[in-house]
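Colleague: I would like to understand the words used for this model. Could you take me through them with the structure in view?

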There are 4 protein chains.
Amino acid sequence: MIGLGRMGGNMARRLMAGGHEIVAYDRNEEAVAALANDGAIPASSLDDMRDKLDTPAIWWVMLPAGDITESTIATIGTDAKPGDIVIDGGNSFYKDDIRRAKMLAEKDLHYVDVGTSGGVWGKERGYCMMIGGDKETVDLLDPIFDTLAPGTGEIVRTPGRNPENADPRAEKGYIHAGPAGSGHFVKMIHNGIEYGLMQAYAEGFDILKSKNTDKLPEEERFDLNLTDIAEVWRRGSVISSWLLDLTAIALAKDGMLEQFSGSVADSGEGQWTIDAAMEQKVPANVLTASLFARYRSRIDHTFGDKVLSAMRYGFGGHVEIPQ
Amino acid sequence: MIGLGRMGGNMARRLMAGGHEIVAYDRNEEAVAALANDGAIPASSLDDMRDKLDTPAIWWVMLPAGDITESTIATIGTDAKPGDIVIDGGNSFYKDDIRRAKMLAEKDLHYVDVGTSGGVWGKERGYCMMIGGDKETVDLLDPIFDTLAPGTGEIVRTPGRNPENADPRAEKGYIHAGPAGSGHFVKMIHNGIEYGLMQAYAEGFDILKSKNTDKLPEEERFDLNLTDIAEVWRRGSVISSWLLDLTAIALAKDGMLEQFSGSVADSGEGQWTIDAAMEQKVPANVLTASLFARYRSRIDHTFGDKVLSAMRYGFGGHVEIPQ
Amino acid sequence: MIGLGRMGGNMARRLMAGGHEIVAYDRNEEAVAALANDGAIPASSLDDMRDKLDTPAIWWVMLPAGDITESTIATIGTDAKPGDIVIDGGNSFYKDDIRRAKMLAEKDLHYVDVGTSGGVWGKERGYCMMIGGDKETVDLLDPIFDTLAPGTGEIVRTPGRNPENADPRAEKGYIHAGPAGSGHFVKMIHNGIEYGLMQAYAEGFDILKSKNTDKLPEEERFDLNLTDIAEVWRRGSVISSWLLDLTAIALAKDGMLEQFSGSVADSGEGQWTIDAAMEQKVPANVLTASLFARYRSRIDHTFGDKVLSAMRYGFGGHVEIPQ
Amino acid sequence: MIGLGRMGGNMARRLMAGGHEIVAYDRNEEAVAALANDGAIPASSLDDMRDKLDTPAIWWVMLPAGDITESTIATIGTDAKPGDIVIDGGNSFYKDDIRRAKMLAEKDLHYVDVGTSGGVWGKERGYCMMIGGDKETVDLLDPIFDTLAPGTGEIVRTPGRNPENADPRAEKGYIHAGPAGSGHFVKMIHNGIEYGLMQAYAEGFDILKSKNTDKLPEEERFDLNLTDIAEVWRRGSVISSWLLDLTAIALAKDGMLEQFSGSVADSGEGQWTIDAAMEQKVPANVLTASLFARYRSRIDHTFGDKVLSAMRYGFGGHVEIPQ
């Protein structure tokens, strides 16, 4: 396990709890020491790791997407022995996976990309995983995925799903999506959907919240209890979901959400999802509007808004009154 | 109970199973007979109903929103005795509730609006209810709501929610949202959110589905198993939800969804949600785009698209090739 | 002419310059005096007006849409003599026109709605008018519209337009759109389109402006001269328009548009256009997004954005850093 | 001039009419012969061209964006002599320009990208050009651009524009936007805006057209004359534009636009504009919705729509009736 941050560290612990042996490395020595304390074999460098790994070695890279993942995989590509397996469990762009898999295959190395959902709750609930790579390699790694995954648990079987002619892994919380890149692709779309779901709730709560505005006649104003509304929607409504559960948690703590500034970050997956939609010529208005709402949340006033005011002044003599 | 369709009939049965006595009426005599067979007191007309109801009578109207609900409530308004309670459990527009409550109050009648979610699953799972009306009346009706609601069941308590200083009804699946109209208003926003959530999944699955298109270089095409993807996302992913469960059921039956034409209906709530957003000056791009996607699904080619082609021909000599 | 503001005053002057006699009234006595100075017959009240008008009287109401227009027309409805004509030249909602026309017809009064475009430039360029009402009345008023309209001027005839079998009024800058309400309806859609056009330019200039951002690799940054870009696009490009001319004027004065705050107002027509789209079940993503961009421009941070952050904190432990 | 299609051929003719000497090449020999007939020096290959060009040679490539442009420029890069100038006048992606300029600079060749607007009308009206490249080269080419551009013509000077301290080229219809790539970047945004403007008109006319629907009460239906509406909006309205002129031409021919199927193509620039917006984190809801409307116009029913129906069936037992 290379990269022992919030995700990597917890995954390593869940694997060790499941009986797997872990060689752990991170640039942060304290993180390595902490994991060693929990039973991992510490490594001081990628070179050191190689010496401590079995054959074929399984290199699980769990680093932020981008340069650091790229250079680490390049280094492993140089150091690893034929037959080794390199797993990128981060949030890489799937086209990078396709390229890397091809490059590593020339050295007889196997590349597997694992998109992981479940966030900080994964250690406890298990990790939902979408896996790309060649069949033999993914099959070989099955004990690892099986341990990391949530398992069937208490989630009710989907009516109509026949376990006898369906891949049993999906019910345990992981799938082999297809060749290298497909794992991260499916995870990317997952995140695109996530943006859309979140924005749908956000807009709905926004309208509820502002229902008490003096823009409305007095008899049409309601002072709504958002905390209770989120709670009741968890209970038998059509829009119950885990994201709603999280919203209910936040609103139970503070119905005004005053600790949050209103600036919302976005990671690469939202943008890549729109790129994919455009490449495939699929309309995706909701996913795009969700992404743009986040951009907008980080801007005070856009230059475009000033262009609007300039035109309004031009044709109507309108002078905007700042609000 | 006036109106014994899919919703009204099941609610009456759930109430009777909970020990309540029901006088049942519907224009469809067979529906009345069927419910009588299950233990209800049959009524042959609203007049007949009045004679069979206790004092104060509770008139639960469960009819399609619009003229039929409006005229039925008007008739009850004429027939009912002071102190009676009229409940609209359908999907009425909340401003109609405000108007009706005012009108009925003049006759010393109490008006309560109940927005209900849970669809055809409600009989089994219980109905999630959002209730508007004056406090005394809603409190008086509590035994009814308590029976209809799902109850706390096995749904885990929201961390941070302190049952001692919070309304216990929310955890049982119903809330008193505020004065008349607020129940349907909260339900309306619920449906607006529902449209957004559904469209987010729809767009995501659309991109997954079309990932095998020849618009992409061959190495970037994936032939993805949507049935398994929906299944795995139910299991520990951030986007797990009841709507996803339903999608997984449909995809387990047919991964191509070939029984569906692609034309999608919309009911009033989606549109009213956008009206509310506009009245309150709240941006709601996702909820609106979701509604418009349904309009678009029912149109073959828009006239607007022809206007585009006409302009393209005008400035570039472009001739569109139908696809 | 009732209402001598920026629009009404200028229209009265253009009419007088065209040889028409004007009785002028406004609550603001100075406005009346100023117009009297330019040749109008001053009126001190609606009653006074009636005495000074010929038979049949033509009452042109040019007031802000809403209560003031409504009550003024109601008063005229009481005071006017059978056969009189009431014109609403403001920006009323077209359903109000339909209602008023019906109400006034009962008193044998004719109602005409005139949607007017051209803004503060109309006095000089002439007013583009969209007129609703019965044919006889609109024909009777033709000399008035003919004077107010821009006339064919130097605008080139539309190729393919055969003046012999087409209504000549369109080329002079006014049309009889249909029955009462249709004038304001067409004007309303005009404004809806206007919002969309403006937002398209706004977004484009926004992307140009931000092309110099450090979010991009240095070699991909351009420091673009927006003033010259707006100017060159006026000259033979596909996107030349009057709104672009106005943008070029503003940018010629200040390429940064620093006098504008970025808060942008909206009037009723944008919202009513979306209402119409929804009633007619026509998708209108661009017109809606344009309207919502203005709402958003007037909000610092939305509550919805805080909901997003709350969820992100919930599933990923993400803490948003305000920007 | 390499590439003698609709654009290249007309530009060559306009240049010759302006006194420039043209060596013309196209894979299509007939096109070469036709231009030779109009006074150009014919070339049978790029090699042949080189022999016939002066020093420094100016290679104007006017080919469809993509592989053919790329390979042609690569060949010229091999054949050209130091000091030569290569112009890409097509619709290339601006990052390709940046790359090519760097590559050609290593061989002491100058690269200039010219984004051109004006479509098939350019031969007559002149071409609006946005130019990227180093200052010396662009200045050297000025006589060419000056001939191709529309010139100031009868377009009124922008009030507030002081010709003494502004670049005079903008008023003549061309600008030097910045370094290589910036010409095509500005043109790309121009096209993005064009999509938005077109869609705004399209949605507006769609709502006008469908105002006669039986979804509305009879008194609210209008049978509007779109031909006259487009015409009157050309005359003094705020939304007058060249695109509206083109719409008026099309509607003058056929108010139903029946010759158009409703499938609308898109070229790369619309998509690239959204890519740029995302890279720069600028919200661009209108430009994106415009692009997606075109994708949607080419799809019969989306798979996403079927997903919606599947969910609706799941929670409500709704069966969609195809329309």
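Modeller: Let us start at the rotation axis: in chain C, Ser241(C) is the residue that comes closest to it, with its C-alpha at 1.9 Å. Before we go on, residues are numbered from 1 along each chain as its sequence is written, while chains are lettered from A and ligands numbered from 1 in the order in which they are written. This is a predicted model, in which local features need pLDDT of at least 70, side-chain atom pairs count only at pLDDT 80 or more and totals for chains, interfaces and linings use all residues; side-chain values use heavy atoms, without hydrogens and water.

Colleague: What makes chain C and chain D copies related by a two-fold axis?

Modeller: Two copies of a chain are related by a rotation about an axis and a shift along it. Chain C is superposed on chain D by a rotation of 180° with 0.0 Å of shift along the axis, at an RMSD of 0.0 Å. The two copies are thus related as by a two-fold rotation axis. The fit is by least squares on the C-alpha atoms of residues with pLDDT of at least 70 in both copies.

Colleague: How do you know which surface each of these copies uses to meet the other?

Modeller: We look at contacts, meaning heavy atoms within 4.5 Å. By that rule, 88 residues from chain C and 88 residues from chain D take part. Of the interface residues of chain C, 100% are also interface residues in chain D, so the copies meet through the same surface.

Colleague: What is the area buried between chain C and chain D?

Modeller: About 7,500 Å², with carbon and sulfur atoms giving 68% of it. Buried area is the accessible area (1.4 Å probe) that two parts lose on being put together, summed over both. On the side of chain C, the residues that lose the most area to chain D are Ile207(C), Arg235(C) and Val238(C), together 11% of what that side buries.

Colleague: Why is the pair Arg161(C) and Asp228(D) called a salt bridge?

Modeller: The term asks for a side-chain nitrogen of Lys or Arg within 4 Å of a carboxyl oxygen of Asp or Glu. In Arg161(C) and Asp228(D) the closest N and O atoms are 2.8 Å apart, so the pair meets the definition. Between chain C and chain D the count is 6 salt bridges. Helix α10 (residues 182-209) of chain C gives the largest share of the side that touches chain D, 17 residues; helices here are DSSP runs (H or I, at least four residues), and strands are runs of E of at least two, numbered from the N terminus.

Colleague: Which side chains meet in a salt bridge between chain A and chain B?

Modeller: One example is Lys102(A) with Glu219(B), at 2.7 Å from N to O. The count between chain A and chain B is 6 salt bridges. The side of chain A that touches chain B has 45 nonpolar, 23 polar and 20 charged residues. Here Ala, Val, Leu, Ile, Met, Phe, Trp, Tyr, Cys and Pro count as nonpolar, Asp, Glu, Lys and Arg as charged, and the others, Gly among them, as polar.

Colleague: What turn and shift lay chain A on chain B?

Modeller: A turn of 180° and a shift of 0.0 Å along the axis, with an RMSD of 0.0 Å. Ser241(A) is the residue of chain A that comes closest to the rotation axis, at 1.9 Å for its C-alpha.
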